[in-house]
Amino acid sequence: MGVEEVISKLKEAVGSENVITDPEELYVYSFTAYAVVREEPLAIVKAKSTEDVVKVLKIANDYVIPVVPRGSGTSVIGASTPVKGSIVLDLRPMRKIRVDVANGVVEAEAGAYVDEVDRECRKYGFMFPVDPASAEAATIGGALAMDGGGMRGARYGTMRHVTLGIEVVLPGGQVITLGGPVYKQATGYDLMHIFIGSEGTLGVITRGWFKIVPAPKSVGRVVAYFDNVEDAAKGVYEIRRRGFTPLIIEFMDDIVVKLANKVKGLNFPEKNMVIVDIDSPKPEILNSMLNEVAEVLKASGAVLVQFTTDPDEMAKLYTVRKQAYPIFAATFPFSFMGDLSVPLSALPAVVKKVREVSAKYGITIGLIGHAGDGNLHPLVGLESRDEWWSKARPALVEIEGYSIELGGTISGEHGIGIERKDLLIKELRARRSEAVLEYMRQIKKIFDPKGIMNPGKLVD
Ligand SMILES: Cc1cc2nc3c(=O)[nH]c(=O)nc-3n(C[C@H](O)[C@H](O)[C@H](O)COP(=O)(O)OP(=O)(O)OC[C@H]3O[C@@H](n4cnc5c(N)ncnc54)[C@H](O)[C@@H]3O)c2cc1C
């Protein structure tokens, strides 16, 4: 097989303007949010329709060329990092969105940005339930392939929990629809959920149908500061125990708050911070609900609690959380965002472990997270890239590995990709479930017998 032959087939199939082999563009696509590994692909193909995807996968399968489906490349664990000699299939030109209010469904093509889908739903008084912090860039296809979550996860879960159906193109070009725009479907094995979280290793998702939920009529924000992180965790637990179902419950430790103050010239109290958003269909009772939540947090040990319903004030109180990772990325020559998920009661143990590990390796590690669902992100800031292998990686292996001991998991929402393959094996071993890896590999073989889909990731 000649490379020239494959490129000319691709150009013939989808139009030469949609096949990019220019070295400068290939260089740009070699980067993703996972800064540890960079690799240049053979070509980038921009897909404008499901038919384009079918044609590309047929050619790739015939010539046994690896295909890396790609949204915006915001995966922090290398899931979208190109494979040498691969076709990177850019789905972003596929952006159609259709809200079906009567049936409570939004249909979106794979390349639509999550934020864009949310904005479309809001035109009709609804919202898209899942809101990753990267929503402005993350695509629907990327979020589905990673089973993305976000701030509203404690109430609505991850993509897995809001997806009703998907259209998938399999290697070889067969198009299948799994589920559809209905709220219930009991028709045998649930293959849709095998594709959600499959990290582009089984096929290309071209569209999805999702539940939409009413946009809140009135929202208020409570911010509580704790000296002691155990008290913060207790507060989160108490809010839930008393039957509140907040829109978001976010956590930042004092290391993150201190850094944000320093870098952005802010003056937040340098303590562990919990942010809780409460919504109500009845604006007149919102203030009393916020007050109740504030009282719960005070009773749990918060040393200072503020709340507001003013949108500007709410945005100000959210600055630290919104900018936490960009602040790390801008401050340190090299940074990384980890991921783990534990039962809520284990939150203090994670924070303690992070402090110990950070001291052991002499590196800065802060913690942010979607506390309401036990999902935390250690933020690592390094003085030089060399410290990645000598300090940061072993430190993260200790921290994320510890979540297994606490009854949790090594990834709540960022997935496995290249970065966490060893940790996945560790977790399966700890659960005496190594066989799961083999089942996953068998599933991959069924859908992708030639192994062209995103090789080297997840189970490969
Ligand atoms: C600052 C920052 C904040 C973040 N916050 C969150 C957060 O709150 N919650 C969260 O869950 N994640 C978060 N992430 C991680 C990342 O944004 C998500 O994983 C996101 O869903 C990836 O979307 P993407 O379009 O960039 O996908 P990409 O990075 O391009 O791809 C991710 C994976 O999906 C596959 N893929 C992409 N499109 C398709 C498709 N159409 N069909 C099949 N496979 C496909 C790729 O091959 C790859 O394996 C964050 C990342 C950053 C940098």
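Visitor: Into which domains is the protein divided?

Guide: Welcome! This is a predicted model, and the protein is divided into domain 1 (3-92), domain 2 (97-214), domain 3 (218-322) and domain 4 (332-415). These bounds come from an automatic or database domain assignment.

Visitor: Why is the second largest pocket said to lie between domain 2 and domain 4?

Guide: Look at the lining: domain 2 and domain 4 both give residues to it, so the pocket lies between them.

Visitor: What makes a residue part of that lining?

Guide: A lining residue has an atom within 4 Å of a point of the pocket. The second largest pocket has a volume of about 820 Å³. There are 37 residues lining it, and Asp147, Arg160, Ile196, Gly197 and Ile416 are the closest to its centre. Elements that give two or more residues to the lining include α5 (140-146) and α17 (435-447).

Visitor: How do those lining residues divide into nonpolar, polar and charged?

Guide: The lining has 13 nonpolar, 16 polar and eight charged residues. Gly counts as polar, so Gly197, one of the residues closest to the centre, belongs with the polar ones.

Visitor: How do you know that domain 2 and domain 4 are in contact?

Guide: Contact means heavy atoms within 4.5 Å. Nine residues of domain 2 are in contact with six residues of domain 4. The domain centres, taken over C-alpha atoms, are separated by 28 Å.

Visitor: Why are β5 (97-100) and β9 (175-179) called edge strands?

Guide: Each of them pairs on one side only. They belong to an open sheet of five strands, in the order β5-β6-β10-β8-β9, with antiparallel pairing.

Visitor: What makes β6 and β10 a pair?

Guide: Two strands pair if at least two bridges are found between them. Strand β6 (residues 105-109) and strand β10 (residues 204-211) have five bridges, in the antiparallel sense, so they meet that condition. Ala108 stands opposite Gly208 in β10. Helix α4 (residues 114-122) lies across β5 and β6, at about 35 degrees to β5.

Visitor: How do you know that β1 and β2 pair too?

Guide: Try the cut-off again: at least two bridges are needed. β1 and strand β2 (residues 43-46) have two bridges, in the antiparallel sense, so they count as a pair. Val19 has Val45 in β2 as its bridge partner. The order of this open sheet of four strands is β1-β2-β4-β3, and its pairing is mixed.

Visitor: Which strands does helix α3 touch?

Guide: Helix α3 (residues 50-63) packs on the sheet and touches β2, β3 and β4 (87-90). The direction of helix α3 makes about 170 degrees with that of β4.

Notes. Residues are numbered from 1 along each chain as its sequence is written. This is a predicted model: local features need pLDDT of at least 70, side-chain atom pairs count only at pLDDT 80 or more; totals for chains, interfaces and linings use all residues. Side-chain values use heavy atoms; hydrogens and water are left out. On a 1 Å grid over the protein atoms alone, a cavity is a set of points where a 1.4 Å probe fits but cannot get out, and a pocket is an open set with protein on both sides within 12 Å along at least five of seven lines; lining residues have an atom within 4 Å of a point. Grid points are joined across faces, edges and corners, and a volume is the space filled by probe spheres set on the points. Axes are lines fitted to C-alpha atoms, for helices over the stretch in contact, and angles run from 0 to 180 degrees between N-to-C directions.
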